[in-house]
Amino acid sequence: MDSGRKSDLISNLPDCLLVLIISYLPLKESVRTSAISKRWKNLCRETTNLVFKESEFVNLSVLDQETIKLKRVLFVRIMRQWISRFTGESLDSFEIYLSDPVGFEADIVSLIEFAASKQVKNLVIDFSNHASKNIGVVEHLLTLIYYQKNGLDISHLFFNLLYVKNLTICSFLLQMIQDCDNPMELHDPMKTQHLVMKTNLHANEFMGITIFLNSCPELESLTFDMGTTERILRTSSPLDAKTFWLANKSYACLEKTLKIVKVKNFRGSSNELHVLHYLIRTGRVMEQLDLYEANGLDHKQKRLVLAGAEEVRRYFKKTSRDLQMTLHNA
């Protein structure tokens, strides 16, 4: 079949199907479709999936810091312009990947308010800095000072997350939410049923994890994605992991709704085991625990994974009789 025939077939599709096709394209590609013809000019403005990735506009590993700042400003401006011209009625997915939210607090709140107003089903908020290993000590200290003095007012974000069913959050939010006043009473209960936490399971994230467990009484599945390279922003002394998770405090989701827990990039570390021990001990309706072995482990590290999985299987007391654990090899 020649290209002209293929073009005719696509042209004969109704607009709703064309919008569906565009929704699966990266942002830059979806914009290019507007140049195809008059009919296509504004279809990209109705996409049901909006994914804003800083990495498509800013090369953090190559550019100098001043250029990075300028390009990051441009990226945020593009996001704001895009939502101002959006003509769709609803969103299936809205994702923001921005490595440094400093100075863009109002923009972030505005973007999430927009997503909430479109009854977004799946929301991803990722402020992970995947180039953090390349950042100098001085800049890192300046960032810490900024967050301590100003911070991103996380509480403003969560009033717009109450009805999001599928939510993905990053280590940054887990660390910063605990600095809000009365973080356990920030808002009404969230309707989130499926929650993904991009985390290191560092002690500085523990309080944030419990805040979300408390905030999501209808949570059905919880995923810990251990692939993050996010730096630890808080300078406070970390909590003792074993003592923290030995607490008997439980939450509504653990009592009534949380059935599936997943750990991606599982390594069998002590912090991972402390968290899992707590969830297994307090999760009354848990049915499934999936551990996904991290990629690229050497023989010694693989043995640690097997030992950790075996400890979970044999020695952790299960409250739920229906709980089954599976270790998935890399």
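Strands β5 (residues 194–198) and β6 pair in the parallel sense over five bridges. Strands here are DSSP runs of E with at least two residues, helices are runs of H or I with at least four residues, and both are numbered from the N terminus; two strands pair if DSSP finds at least two bridges between them. Methionine 197 has phenylalanine 224 of β6 as its bridge partner. From β5 the chain crosses through helix α9 (residues 206–215) to β6, in a right-handed β-α-β crossover (with the strands pointing away from the viewer, the path from the first strand over the helix to the second runs clockwise).

This is a predicted model, in which local features need pLDDT of at least 70, side-chain atom pairs count only at pLDDT 80 or more, and totals for chains, interfaces and linings use all residues. Residues are numbered from 1 along each chain as its sequence is written, and side-chain values use heavy atoms, leaving out hydrogens and water.

Strand β6 also pairs with β7 (residues 260–266), again in the parallel sense over five bridges, and threonine 223 finds its bridge partner in lysine 262 of β7. Five of the five residues of β6 (221–225) are buried (under 20% relative accessible area; exposed is over 50%, partly exposed in between, with a 1.4 Å probe and protein chains only). Ser221, Thr223 and Asp225 cover one side, Leu222 and Phe224 the other.

Now for two loop residues. Most residues other than glycine have a negative phi, yet these two do not.

| Residue | Phi | Loop | Relative accessible area |
|---|---|---|---|
| Glutamine 119 | about 50 degrees | between α5 (105–117) and β3 (122–126) | 52%, exposed |
| Leucine 201 | about 50 degrees | between β5 and α9 | 2%, buried |
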